[in-house]
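Visitor: I would like a close look at one part of this structure, the places where charged side chains pair up. Could you take me through them slowly?

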Amino acid sequence: MAGSKALVRRGLVFYAGFLCVAVLWRVGFQRESLLLASAADGVHWLRDPLLGLAAGLLVVAVSAALSAWTRFGQALARALADLIGPLRTRDCLVLALSSGIAEEALFRGALQPVVGLVWASLLFALRKFKQAPEPIRTEVEATTGRNEANRLRIQRIASAVRRS
């Protein structure tokens, strides 16, 4: 279990860094609270977390069922166990919670208000994509400006992805 403690510790440090970047970006550069949502924005403080919890439990249940009942799920579970070793339920929960909070803070709380939903989602997906692609080159051109509230925003983004 010494290996699992080190993994959890490294994970917590990594996601604490993510959270610091999110807070620095949003509060330090944008001069806005990271927790900007309010009831006026249509946020329901009881319903929304409960829906998130229900969705998370559903994903866990489907994942457990696939791991138990399909060859693909069993192979994936074995590969993950070989990669990270045995973890206690508490360690899994700590890693899941810390990654969820830090990633949401960075991608939804800090980036999405600036670059928009599509680009924040694309960046999130690219962070999760681990396949080693052939060499590619990406060119991105962005135009920034201030909105009516004098907040810095990206007004236009053009990008091109090409094989090198």
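Guide: Let us begin with Arg156, which, in this predicted model, has a relative accessibility of 42% and therefore counts as partly exposed, since that class lies between the buried limit of under 20% and the exposed limit of over 50%. Arg156 forms a salt bridge with Glu141, and the closest N and O atoms of the two are 3.4 Å apart. This pair links distant parts of the chain, for Arg156 belongs to strand β2 (residues 152-163) while Glu141 belongs to strand β1 (residues 136-146), and the two are 15 residues apart.

As a general point, side chains of opposite charge can pair when their charged atoms come close. By the rule used here, the count comes to five salt bridges, and a further part of the picture is a network of salt bridges that links Arg88, Arg90 and Asp91. Within that network, the side chains of Asp91 and Arg88 meet at 3.4 Å, N to O, and Asp91 also forms a salt bridge with Arg90, where the closest N and O atoms are 3.9 Å apart.

It is worth setting the accessibility of these three residues side by side. Asp91 has a relative accessible area of 3%, so it is buried, whereas Arg88, with a relative accessible area of 31%, is partly exposed, and Arg90, at 53% relative accessibility, counts as exposed. The network of Arg88, Arg90 and Asp91 therefore includes a buried residue, Asp91, a partly exposed one, Arg88, and an exposed one, Arg90.

Conventions. Residues are numbered from 1 along each chain as its sequence is written. This is a predicted model: local features need pLDDT of at least 70, side-chain atom pairs count only at pLDDT 80 or more; totals for chains, interfaces and linings use all residues. Side-chain values use heavy atoms; hydrogens and water are left out. A salt bridge is a side-chain nitrogen of Lys or Arg within 4 Å of a carboxyl oxygen of Asp or Glu. Buried means under 20% relative accessible area, exposed over 50%, partly exposed in between (1.4 Å probe, protein chains only). Helices (H or I, at least four residues) and strands (E, at least two) are DSSP runs, numbered from the N terminus.
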